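Me: Please introduce this structure to a newcomer, one question at a time.

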Amino acid sequence: MMSWYQILSFFFTNGLRIFLGLYLVITLQQLTGNKKKASVISMCAAAFITMLSCFPIQQLYLTGIEIIFVILIVYDLYAAQLRICLFLTFFYEVTVALWEFIVSAGLGVIFQSDRFLDMRSNGYIAAVWIVRLFMLGIALLTMKSQKRNEKLSSRIIAGVAIAGLLGVVLLFGQHTIPISDDQLTTWMIFSMLILVAILFFNLSRQYEMEKKIMLLEKEKNTLLEHDYQNLKNVYAANAKLFHDFQNHIDVVHHYLLKDHTAKALHYIENLRSPMQEMIQTAWTGDEAADYLINSKIALAVSQNIQVATNIEFPRHTNIQSVDLVVILGNLLDNALEATRNAEDGFRFVNLTIRRINDMLVIKVENGCSAAPAETNGKLQTSKADKVLHGWGLGNVRTAAERYNGTVETDYSHHTFRAVAILSFEAVKA
């Protein structure tokens with residue numbers, strides 16, 4: 001029978017184990033959902049597993065129940081894929097069990113006592129707490145590394161797996177406490193499987209990223225082709241205007257000489273529409289971005305949508321034109337799509353591009369009659385074809401992440417905002 005402090009310790013260690021497992025699955029799959037509700041359910045699951053621990057139930061069954069709880073939480077609250085969640089959760093539990101064995105055996109070797117391997121002893125509970133604190137430290141280090149270097153997180157995880165393998169190898173050479181060769185061989189096999197699983201997951205994630213990049217390139221090419229055709233038509237019309245400009249000047253001059261002011265004004269009014277299309281209303285210094293912004297402005301004006309721009313773009317940076325086109329094109333397309341069917345008071349789009357130290361802030365605001373639809377914290381496309389559409393913000397995030405950037409969305413007072421923040425570096429001209 002366990003004492004009260006052992007039960008309390010089991011509750012907190014089980015709670016940390018489930019919570020950190022959820023954090024791992026959510027972080028690696030970049031899921032969004034109700035974190036407070038997930039934390040509450042985690043504590044309830046920890047209490048349930050702790051209660052079962054008071055009975056003579058094998059640890060294998062308790063681990064299976066814990067895996068089921070983690071999978072159900074991420075599936076219900078985060079709409080995650082069951083196959084990937086099962087894969088990550090299983091190897092997470094194996095890794096935690098491996099390190100609990102290594103630390104408890106290591107303490108047994110140091111203090112020359114095999115009581116540390118007894119799961120009901122205080123020595124084993126101390127080993128579990130050491131592992132939990134170790135896990136918390138890795139989680140905090142991973143959290144900080146994601147803000148600085150995305151690759152560092154995977155290196156930390158791989159380092160933990162390699163260290164686990166080395167720990168089992170070292171235990172093979174000790175003769176202080178009795179550990180069967182079969183037990184050590186089993187943990188050796190599991191530690192090697194963990195390394196293979198990490199390699200497999202990294203390859204799978206790289207494959208998924210390449211698929212997204214291919215879709216991104218396809219959409220980017222479609223966008224550029226569409227904008228190229230629009231600009232080609234505009235410049236063709238402007239070329240005709242310039243070709244006949246001298247003739248227009250002669251006609252206006254003739255009307256003014258004859259004091260036909262009204263006719264001259266009427267003639268000039270007829271020339272204003274193509275002239276206004278020719279005038280460039282936004283300038284960033286990036287040719288592709290300028291073409292894109294001004295073509296979207298022309299499209300908005302043709303649909304009676306008010307457009308306001310406030311642009312301060314830094315010159316000579318490492319931000320590529322293709323990434324600017326993806327970010328600006330998708331954000332402006334989404335804004336125009338949402339505003340197209342809005343009521344008159346909400347038919348506006350505001351584009352702001354500002355430099356703040358070494359950060360570039362791109363903000364697009366648009367009016368909307370009602371809040372956009374969301375599912376599990378993700379915005380849903382209003383277009384009928386859900387397969388071909390709905391990639392916009394995902395592509396924007398992918399492009400922003402190339403510059404350690406973020407994308408945030410917000411809705412208030414009938415105004416939807418999408419803000420992309422990119423970190424850039426100055427380059428020589």
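**The pocket and the cores**

Me: Which helices each supply at least two residues of the lining of the second largest pocket?
Reply: This is a predicted model, in which local features need pLDDT of at least 70 and side-chain atom pairs pLDDT 80 or more, while totals for chains, interfaces and linings use all residues. Residues are numbered from 1 along each chain as its sequence is written, and side-chain values use heavy atoms, without hydrogens or water. Helices are DSSP runs (H or I, at least four residues) and strands likewise (E, at least two), numbered from the N terminus. The helices that each supply at least two lining residues are H1 (4-29), H2 (35-53), H3 (59-78), H4 (82-111), H5 (122-148) and H7 (181-243).

Me: Which element gives the most to the largest nonpolar core?
Reply: A nonpolar core joins buried (under 20% relative accessible area, 1.4 Å probe, protein chains only) Ala, Val, Leu, Ile, Met, Phe, Trp, Tyr and Cys residues through side-chain atoms within 4.5 Å. The largest has 35 residues, and Ile327, Leu328 and Leu331 are among those with the most contacts inside it. Elements giving two or more residues include strand S2 (348-356) and strand S3 (359-367). With nine residues, the element that gives the most is H11.

Me: What span does H4 reach from its first C-alpha to its last?
Reply: H4 has 30 residues. The expected span is 1.5 Å times one less than the number of residues, which for H4 is 44 Å. Close to this, H4 reaches 43 Å.

Me: Which residue takes a positive phi just after H4?
Reply: The phi in question is about 55°. The residue just after H4 that takes it is Gln112.

Terms used. Buried < 20%, exposed > 50% of the residue type's maximum accessible area, 1.4 Å probe, protein only.
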